[in-house]
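Subject: Structure for your review

Dear colleague,

Please find the structure below, handed over for your review. A short account of its salt bridges follows.

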Amino acid sequence: MGGTDVTDGWDWRAPGGTPGSAGPPPGPPQTGPTTPYGGPSPYGGHGGSASPWWSDALADPWRDPYAPAAVVLPSVPTTGAAPEPVTDPDAPGRPKLRQLLLVPLIVALLAGTLGGALGYAFAVRGGVGGGITLGAGPAEGPALAQRRPDSLAGVAGRVLPSVVTIRVAGLAGTSEGSGFIVSADGYVVTNDHVVADGTGRASVTFNDGSSSPATVVGQDPESDIAVIKVNRKGLRPIEFGDSESLAVGDPVLAIGSPLSLANTVTAGIISALDRTMQAGEPGGPVRYYAAIQTDAAVNHGNSGGPLVDSAGRVIGVNSTIRSLVAEGQEAGNIGLAFAIPINQAKRITQDIIGTGKARRTVIGAQVAGTGTATRAGAGVRLAAVEPAGPAAAAGLKTGDVVLRLNGRPMNEPTDLIALVRKFAPGSVVTVEYRRGTARQNASVTLAADAK
């Protein structure tokens, strides 16, 4: 461009190697253009045109003349579209609609659950009637294994395996009653009237439901005791108690098969002792009992079953009930049942097993018929006294009036007969009697009948 060298403004020198002036190259005065800020353009022009490379850095007194100069270009505002904003990935985002709905839903569910739990706890523990709780809290029921052996359930559990149901075929049909096992090899005690009308064929049903045929070993109609036997070993015999140690009010259980309902247990107390009774069917033997009276429920089918004490020991054989029904009608329990004392039943059972028959205890005297007592409580008159009998040996005579036997008042002839048969032969009893106007006492040794 002629003989002039133009640089980029970092180190402009005139021809010949000397620096040029600090101003722009010669040219006409600049009248334009102007900067966007309204001032004259900082760029000089060459040949009247502005140069973007011009700088007056050579006029800077502090400038190193040999250091390169930096060109600072002011930014020129642009009129184009705004740049796209950049999102910070770490910045918290704006919650979405789903999140806004999910949070209150969870809160509502938690609040409802908590409120329901608190309401239930309040209703159960605090009640709804002003904080009043009605009734006692639940108590722990005793487990079966925790029932005490002396409880009614414990006693029944021990005795039931020894109780059986007896069925005997007869001409008039099948007679049914109860019984209890007295030996491990199969002997069973029952009432005589259970087997009396049978033909000898009998069956025994045990507590577990199994059955075995049975044979009649022997029976004593006057004491209403019979013994049968089954051909089975390893049976569980019942435990015997002492009927002489009983007291009125003692708790008892009656176990048997009333009305064909096997393994039935009823509870009661001893209502009376030595309740003398006379029983028997028309045309049959007359039975006398100095019985144990109980209010435990006893019905037809209980006959021959055990009456047990609170320790599970048999103390009587259930035999008779009293009822208000007319003759020929079906009798039911009214709370008056009677059992043969076990001491008497055990003795008769041993006689039957040992000899096939039972001994009968006698005093060696005959009494007048029922109703012959002169007045109530006046005693029982002896109608005859056997010369070689126990009464004669003790000094008693015909016509004497027996007032008491071992302290027990005599009111009816039945009383003397029943009480004498309660004792075993060889027992010594005290007899208080009246001869004329004098009262005397005698010790009588009872004997067995010669039959």
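A residue is called buried when its relative accessible area is under 20%, exposed when it is over 50%, and partly exposed in between. Please note that this is a predicted model.

A search of the whole structure finds 14 salt bridges. Three of the pairs found are described here.

In one of them, the side chain of Glu 222 meets that of Arg 421, with 3.2 Å from N to O. This pair links distant parts of the chain, 199 residues apart. Glu 222 lies in the loop between strand E5 (211-220) and strand E6 (225-230), while Arg 421 belongs to helix H6 (residues 413-422). Glu 222 has a relative accessibility of 22% and therefore counts as partly exposed. Arg 421, at 17%, counts as buried.

Another salt bridge joins Asp 309 and Arg 313, whose closest N and O atoms are 3.0 Å apart. Which of these partners is buried, and which is partly exposed? Asp 309 counts as buried because its relative accessibility is 11%, whereas Arg 313 reaches 33% and so counts as partly exposed.

Glu 432 and Arg 439 also form a salt bridge, with 3.1 Å between the closest N and O atoms. Arg 439 is exposed, as its relative accessible area is 57%.

Finally, some salt bridges share partners: through them, Glu 222, Arg 360, Arg 421 and Asp 449 are joined into one network. The pair of Glu 222 and Arg 421 described above may thus be viewed together with Arg 360 and Asp 449.

Yours sincerely

Note on methods:
Residues numbered from 1 in each chain as written. Predicted model: local features only at pLDDT ≥ 70, side-chain atom pairs only at ≥ 80, totals over all residues. Heavy atoms only, no water. Salt bridge = Lys/Arg side-chain N within 4 Å of Asp/Glu carboxyl O. Helix = DSSP H or I, 4+ residues; strand = E, 2+ residues; numbered from the N terminus. Buried < 20%, exposed > 50% of the residue type's maximum accessible area, 1.4 Å probe, protein only.
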